[in-house]
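Subject: A structure for you to explore

Hi there,

Here is the structure I promised to pass on to you. Have a look around first, and then read on for my notes.

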Amino acid sequence: MKTGHIIKLETSRQCPVTVGDGLIEHLEEHFDFSGYSSMVLITDTIVHRLYGRGVLATLKATGKKVSLFTLPTGERAKSLSTVERGYKFLLSNNVDRKCLICALGGGVVGDTAGFIAASYLRGIDYLQLPTTLLAQVDSSLGGKVGVNFKGKKNMVGSFYQPTAVIADVALLQSLPPAEMRHGLAEVIKYAIAMDEGLYRILERKEDNDFSAAELKDIVRRCCRLKAGIVEIDETEKTGQRAILNFGHTVGHALEAVSRFKGKSHGEAVAVGIIAVAKISQRLGILKADDVERIKKLIAKFELPTSCPGVSPDALINAIRFDKKTTLGQTRWVLVKGIGKGITDQTVAEEVVGKVLEELCR
Ligand SMILES: NC(=O)c1ccc[n+]([C@@H]2O[C@H](COP(=O)([O-])OP(=O)(O)OC[C@H]3O[C@@H](n4cnc5c(N)ncnc54)[C@H](O)[C@@H]3O)[C@@H](O)[C@H]2O)c1
């Protein structure tokens with residue numbers, strides 16, 4: 001049996017997070033399917049082609065009824081119309097409350113399937129089987145589920161914890177390099193905001209080629225960091241969970257402005273991290289050397305460190321309308337050293353403007 005490292009996530013529902021290499025081949029050894037009446041596998045077309053058949057076979061070997069609901073790939077699938085199709089699918093398959101939804105895929109599948117699970121029959125269990133680095137280190141745990149609405153990201157959703165998360169780093173072998181980089185942006189986020197040790201691991205890496213052992217270590221560290229935060233602020237009430245948004249204020253703004261279209265969330269977050277580092281430097285809390293170190297690391301992983309051609313004014317406007325803005329005041333997550341993010345900071349718009357002008361040049 002391939003063993004996984006188990007992180008206990010103690011939230012409103014207990015959610016063990018298992019991280020390992022080669023777990024998916026023997027899923028039944030890592031999750032107890034016995035209490036369920038049936039299973040529905042939700043995945044996207046690419047992931048289905050790669051891993052769907054194997055997972056379906058494992059689920060069918062339990063002797064339960066198993067059905068498959070496939071989403072198209074990409075962010076557009078994260079919509080209310082997909083959710084409605086999902087409800088119709090579940091209804092036509094007579095899915096009852098004892099059914100388990102298995103979400104096999106990246107963040108798009110996880111967020112959408114999780115929202116279907118959260119709302120169908122007022123909530124049925126779901127298992128997260130993340131297949132991208134981003135999903136393994138971030139989106140699959142923490143219980144944020146939902147879809148985009150009227151062009152706005154994650155506008156409709158809920159906090160609904162999965163029954164378990166099983167992150168198999170072997171699945172990352174087939175991930176295109178660009179997707180790997182997007183996930184790395186989130187890993188870098190954890191490192192700068194919360195974990196200097198992780199930062200050093202990334203800094204020591206000479207290339208983008210991660211072994212399974214390295215990935216296991218990275219995913220495990222990130223899951224532990226996220227679990228620690230989610231446990232103390234499960235529904236983003238106390239403000240502690242905001243540390244996970246490090247780099248995302250400018251990142252989200254970049255995603256909202258048209259000139260950055262075609263770039264990914266990871267690329268936007270990378271530039272957002274640089275913005276925060278520079279703002280922190282201007283405020284005198286981060287050393288110039290650290291800003292350079294951060295820039296070097298981001299560039300090494302072939303992520304952007306600026307956004308030439310984007311309008312700084314458009315970015316400022318987008319920041320003002322970010323859904324995480326409270327009472328018109330943006331609360332920033334800044335950094336005062338590697339591994340030392342600080343939440344709930346206000347920054348004069350003039351300082352933000354100067355940094356954005358630099359980055360957009
Ligand atoms: N819920 C949360 O807390 C949270 C946190 C961060 C991001 N998100 C959401 O996550 C989404 C992005 O997730 P993502 O980056 O995983 O994108 P994604 O789900 O779109 O996956 C990216 C692409 O990789 C393919 N793919 C997935 N696994 C693969 C594999 N093992 N091998 C080859 N190809 C594979 C997919 O088919 C897709 O084409 C966004 O919608 C974002 O809002 C949610």
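Let's start with one residue: His-48 is buried, because its relative accessible area is 18% and the cut-off for buried is under 20%. You will find His-48 in helix H1. If you set aside the neighbours within four places in sequence, His-48 is in contact with Thr-43, Arg-53, Leu-56 and Leu-68. Please keep in mind throughout that this is a predicted model.

**The protein as a whole**

Now zoom out. The protein has twelve helices and eleven strands. Its C-alpha atoms fill a box of roughly 60 × 40 × 35 Å along the principal axes. What would the radius of gyration of a compact globule with 361 residues be? It would be near 21 Å, and the protein has 20 Å, so the two agree.

Of the 361 residues, 55% are buried. The accessible surface comes to about 15,800 Å², and carbon and sulfur atoms account for 50% of it. The contacts are also worth a look: take those between residues at least 6 apart in sequence, and 75% of them join residues at least 24 apart.

**Around the ligand**

Next, please find the ligand. There are 26 residues around it, and those that come nearest are Asp-44, Glu-75, Thr-131, Thr-132 and Ser-174. Sorted by class, this shell has nine nonpolar, eight polar and nine charged residues.

Which helices and strands each supply at least two residues of the shell? They are helix H1 (45-60), helix H3 (107-119), helix H4 (133-139) and strand E8 (152-159). H1, the helix that holds His-48, gives the most to the shell, with four residues.

Here are three polar contacts with the ligand that you can look up on screen:

- Thr-131 has a polar side-chain atom 2.7 Å from a nitrogen atom of the ligand.
- Leu-171 uses its backbone: an N or O atom there lies 2.9 Å from a ligand nitrogen atom.
- Asp-111 has an N or O atom in its side chain that is 3.0 Å from a nitrogen atom of the ligand.

How much of the ligand does the protein bury? Taken alone, the ligand exposes 870 Å², and the protein buries 89% of that.

**Ala-170 and Ser-67**

Ala-170 sits in the loop between strand E9 (164-168) and helix H5 (177-194). Ala-170 counts as partly exposed because its relative accessible area is 21%, and partly exposed covers the range between the 20% and 50% cut-offs. Its C-alpha atom is 9.0 Å from that of Thr-131, although 39 residues separate the two along the chain. Beyond the neighbours within four places in sequence, Ala-170 is in contact with Asp-21, Gly-22 and Tyr-51.

Ser-67 belongs to strand E4 (residues 65-71). Is Ser-67 buried or exposed? Ser-67 is buried, with a relative accessible area of 10%. Not counting residues up to four places away in sequence, Ser-67 touches Met-39, Val-40, Leu-41, Phe-89 and Asn-93.

**Three residues in loops**

Asp-207 is in the loop between helix H6 (196-204) and helix H7 (212-232), and it is partly exposed at 40% relative accessible area. Its side chain makes a polar contact of 3.3 Å with the side chain of Lys-205. A polar atom of the Asp-207 side chain also lies 3.1 Å from the backbone nitrogen of Asp-209. For a partner from elsewhere in the sequence, look at Phe-301: Asp-207 and Phe-301 are 94 residues apart in sequence, yet 7.7 Å apart in space, C-alpha to C-alpha.

Asn-94 lies in the loop between helix H2 (80-92) and strand E5 (99-105). With a relative accessible area of 67%, Asn-94 is exposed. Its phi is near 50°, which is a positive value in a residue other than glycine.

Glu-236 also has a positive phi, near 55°, and is likewise not a glycine. Glu-236 lies in the loop between H7 and helix H8 (248-256). At 28% relative accessibility, Glu-236 counts as partly exposed.

Enjoy exploring, and write back with any questions!

Best wishes

Note on methods
Residues numbered from 1 in each chain as written. Predicted model: local features only at pLDDT ≥ 70, side-chain atom pairs only at ≥ 80, totals over all residues. Heavy atoms only, no water. Near = heavy atom within 4 Å. Polar contact = N/O pair within 3.5 Å; in protein donor to acceptor, adjacent residues only side chain to side chain. Areas by Shrake-Rupley, 256 points an atom, 1.4 Å probe, with all protein chains shown as cover. Nonpolar A, V, L, I, M, F, W, Y, C, P; charged D, E, K, R; others polar. Rg over C-alpha atoms; globule rule 2.2 N^0.38 Å. Buried < 20%, exposed > 50% of the residue type's maximum accessible area, 1.4 Å probe, protein only. Contact = heavy atoms within 4.5 Å.
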